[in-house]
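Biologist: Before we talk, could you put the sequence and the structure on the screen? I would then like to go through the fold, the sheet, the helices and the core in turn.

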Amino acid sequence: MKKKINIEGMTCGHCVGRVNKALSAIDGVSEVDVNLDEKMATITMEREVSDEQFKTEIEDTGYKVVEIESVSERIPRGFAAGNFNRYNNTFCRRER
Ligand SMILES: [Cu+2]
């Protein structure tokens with residue numbers, strides 16, 4: 001599961017580090033990528049984390065959440081659901 005969060009107020013690498021740290025500390029979050037230019041945090045979750053929780057964490061850290069978008073993981077045609085590797089989010093074309 002992935003979410004993209006549009007964050008207002010980050011101005012430098014220090015801000016990125018603070019947001020990254022706050023988001024990484026949330027239980028259920030496995031990976032965080034914060035892009036300063038795009039004002040966007042991309043979150044990978046092991047299980048569902050509510051938008052409300054992300055919003056609270058980010059705003060407590062001193063930044064503003066503009067929008068939270070859930071990113072669906074579409075399984076490409078030709079791949080069985082079981083061939084989807086959740087660990088590294090890749091599709092494995094192994095023989096059955
Ligand atoms: Cu900064």
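Modeller: Please keep in mind that this is a predicted model, in which local features need pLDDT of at least 70 and side-chain atom pairs count only at pLDDT 80 or more, while totals for chains, interfaces and linings use all residues. Residues are numbered from 1 along each chain as its sequence is written.

Biologist: In what order do the elements of the chain run from the N terminus on?

Modeller: Helices (H or I, at least four residues) and strands (E, at least two) are taken as DSSP runs, numbered from the N terminus. On that basis the chain has two helices and six strands. From the N terminus on, their order is β-α-β-β-α-β-β-β.

Biologist: Which residue of β3 is the bridge partner of I5?

Modeller: Strands count as paired if DSSP finds at least two bridges between them. Strand β1 (residues 2-8) and strand β3 (residues 40-45) run antiparallel and are joined by five bridges. In β3, the bridge partner of I5 is A41.

Biologist: Which residue takes a positive phi in the hairpin of β2 and β3?

Modeller: Strand β2 (residues 29-35) pairs with β3 in the antiparallel sense over six bridges, and E31 stands opposite T44 in β3. Four residues lie between the strands of this hairpin, and the residue with a positive phi, near 55 degrees, is K39.

Biologist: At what angle do α1 and α2 pack?

Modeller: Two packed helices are described by the angle between their axes and the distance between the axes. The axes here are lines fitted to C-alpha atoms over the stretch in contact, with angles from 0 to 180 degrees between N-to-C directions. For helix α1 (residues 13-24) and helix α2 (residues 51-61), the axes are 10 Å apart and the angle is about 145 degrees.

Biologist: Which helix gives the most to the largest nonpolar core?

Modeller: A nonpolar core is a set of buried Ala, Val, Leu, Ile, Met, Phe, Trp, Tyr and Cys residues joined through C-beta atoms within 7 Å, where buried means that 20 or more other C-beta atoms, placed from the backbone, lie within 10 Å of the residue's own. The largest such core has twelve residues, among them I5, M10, V19, A41, F54 and Y63. At least two residues of this core come from each of β1, α1, β3 and α2. The element that gives the most, with three residues, is α1.
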